[in-house]
Amino acid sequence: MELEKIVVASGNKGKITEIKAIFTGVEIVSMQELGFDGDIEETGKTFKENAKIKAETIAKKFSLPALSDDSGLCVESLRGAPGIYSARFSGEGDAENRKLLLKRLENVYDRRAYFESAVCLCFPNGKTYFGEGRTHGKILYEEIGTNGFGYDCIFYSDDLKKSFGLATDEEKNSVSHRYRALCDLRKKI
Ligand code: IMP
């Protein structure tokens, strides 16, 4: 399908930068660039439901195809938490979220975790397409590296054999949940 311009339905700068680097060949604008700075309430119970809510809202608002990503970190020993609540885990932002997760995993031997992403492309006529992706790894015992955003510096990637906090943009974008979800989406449109 020929796509010319897409609005990214997200206010997260880290996500927007990655989506722009991965989803090439189409003009990508952020909703902020179009003058929208508001929050979209994520009332869904899954990554996919939340992705749909965000993309539908923005596609309707701007009468343009909208692409959203709903994602998070799922920790096996916490039965998948923080999951869809990753951004709101501590209620106080990324640094506090990481601190709280490290605290919850104090003395926990099983550190297995994965990032999950659901992306949704929604057209103004309501037609929606989805893509999903995961990337596996382990929660480190402390922050390592300063690259990326969110939980990157406490996530050891099984694919890269190092912390996402030490990975270059290219390295992370070649194995990430977001990259895999966007590839999955591309196959379907
Ligand atoms: P939401 O999709 O806006 O609900 O927020 C996703 C949250 O999950 C982010 O705020 C991050 O805390 C976390 N997250 C999602 N993807 C990544 C990633 O690629 N690296 C690090 N943290 C991530």
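**Note on the predicted model and its ligand site**

1. Proline 82 is placed in the loop that runs between strand 3 and helix 3 (94–104); helices (H or I, at least four residues) and strands (E, at least two) are DSSP runs, numbered from the N terminus. The peptide bond that leads from alanine 81 into proline 82 is cis, its omega being near 0 degrees.

2. The model is predicted: local features need pLDDT of at least 70 and side-chain atom pairs pLDDT 80 or more, whereas totals for chains, interfaces and linings use all residues. Residues are numbered from 1 along each chain as its sequence is written, and side-chain values use heavy atoms, with hydrogens and water left out.

3. A further backbone feature concerns serine 63, in the loop between helix 2 (47–62) and strand 3. Its phi is near 50 degrees, which is a positive value in a residue other than glycine.

4. The ligand is surrounded by 19 residues (a heavy atom within 4 Å). Of these, Lys15, Ser71, Asp152, Lys172 and Arg178 come nearest. Sorted by class, the shell comprises 9 charged residues (Asp, Glu, Lys and Arg), 4 nonpolar ones (Ala, Val, Leu, Ile, Met, Phe, Trp, Tyr, Cys and Pro) and 6 polar ones (the others, Gly among them).

5. Several polar contacts (N or O atoms within 3.5 Å) join protein and ligand. Serine 71 places a polar backbone atom 3.0 Å from a ligand oxygen atom. Glutamate 42 has a polar side-chain atom 3.1 Å from an oxygen atom of the ligand, and histidine 177 has one 3.1 Å from a ligand nitrogen atom. On its own the ligand has 490 Å² of accessible area (Shrake-Rupley method, 1.4 Å probe), of which the protein covers 94%.

6. Strand 3 (66–75) and helix 5 (177–188) are the elements that give two or more residues to the shell around the ligand. Strand 3 gives the most, with 4 residues.

7. The structure contains 4 aromatic pairs (ring centres within 6.5 Å). One of them, phenylalanine 115 with phenylalanine 155, is tilted (neither under 30 nor over 60 degrees between the planes), at 4.6 Å centre to centre and 50 degrees. This pair links distant parts of the chain, 40 residues apart: phenylalanine 115 belongs to strand 4 (residues 112–122) and phenylalanine 155 to strand 6 (residues 155–157).

Definitions and conventions. A polar contact is a pair of N or O atoms within 3.5 Å; within protein, one must be able to donate a hydrogen and the other to accept it, and residues adjacent in sequence count only if both atoms are side-chain atoms. Rings of Phe, Tyr and Trp (its six-membered ring) pair if their centres lie within 6.5 Å; planes under 30 degrees apart count as stacked, over 60 as edge-to-face and the rest as tilted.
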